[in-house]
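Colleague: Please take a close look at a single part of this model, the nonpolar residues, and describe them in one connected account.

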Amino acid sequence: MTKSSPETQRSRTFSWQDPHIGADAARGLSGLDYLLAMQEQRIPPPPVMEMMGFEFVRATPGAVEFAFLPHESHYNPIGTVHGGVISTLLDSAMGCSVQSLLPLGKGYTTLELKVNFVRAVTLASGRMRCHGTIIHSGGRMATAEGKLLDESGKLYAHTTTTCMIFDAPAR
């Protein structure tokens with residue numbers, strides 16, 4: 001068994017802002033207005049984006065794009081980016097694509113997620129782009145799809161989700 005040594009030890013730190021700032025702002029905005037406020041840095045991103053290293057790129061009605069640069073801290077025991085990190089990125093982009101169509105007073109949550117991993121993501125994959133796009137949005141349910149691509153457009157993972165839409169809790 002290999003022991004940790006100063007030569008192999010690594011560390012990573014990150015900081016975040018109070019998550020209630022964004023959650024409170026969301027209650028007073030439509031879904032798209034909330035996402036645009038985050039994109040324009042008028043409200044902070046959720047802590048999970050800081051922890052995972054996700055970058056908010058853009059939001060339009062029914063579509064969201066994030067960016068992601070793989071890091072060693074994302075690796076699993078076999079030396080590739082953990083599927084849970086990739087799933088979290090895809091779930092976030094798809095969920096936000098649903099959110100982008102919600103009027104004031106509505107919320108959503110993921111009911112199911114199906115991920116297909118096409119190829120391994122490593123440091124050599126470089127900066128990745130993650131697209132979430134609406135397939136269907138109704139009064140109580142929405143479906144969306146997501147794709148994780150490298151800068152040349154090569155597909156690394158694709159996914160679908162079903163989200164439940166509900167009346168958001170009052171302030």
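**Nonpolar surface and core**

Modeller: V48 counts as partly exposed because its relative accessibility is 31%, a class between buried (under 20%) and exposed (over 50%), with a 1.4 Å probe and protein chains only. This is a predicted model, in which local features need pLDDT of at least 70 and side-chain atom pairs pLDDT 80 or more, while totals for chains, interfaces and linings use all residues. Residues are numbered from 1 along each chain, and side-chain values use heavy atoms, without hydrogens or water.

V48 lies in helix α3 (a DSSP run of H or I, at least four residues; strands are E, at least two), and together with F14, W16 and M51 V48 makes a nonpolar surface patch of about 370 Å² (Shrake-Rupley areas, 1.4 Å probe; residues over 30% accessible without a salt bridge, nonpolar side chains joined within 5 Å; a salt bridge being Lys or Arg nitrogen within 4 Å of Asp or Glu carboxyl oxygen).

Helix α3 (47-52) is also among the elements that give two or more residues to the largest nonpolar core, which has 28 residues, with L35, F66 and L148 touching the most other members (buried nonpolar residues, Ala and Cys included, joined through side-chain atoms within 4.5 Å). The largest share of this core, six residues, comes from α4. Beyond four places in sequence, F66 touches, among others, M49, F56, L89, A93, C96 and M128 (heavy atoms within 4.5 Å). Apart from this core lies another, of eight residues, including L102, I134, A144 and C163.

How values were computed. Patches are made of residues with over 30% relative accessible area and no salt bridge: like charges are joined within 9 Å, nonpolar side chains (Val, Leu, Ile, Met, Phe, Trp, Tyr) within 5 Å. A salt bridge is a side-chain nitrogen of Lys or Arg within 4 Å of a carboxyl oxygen of Asp or Glu.
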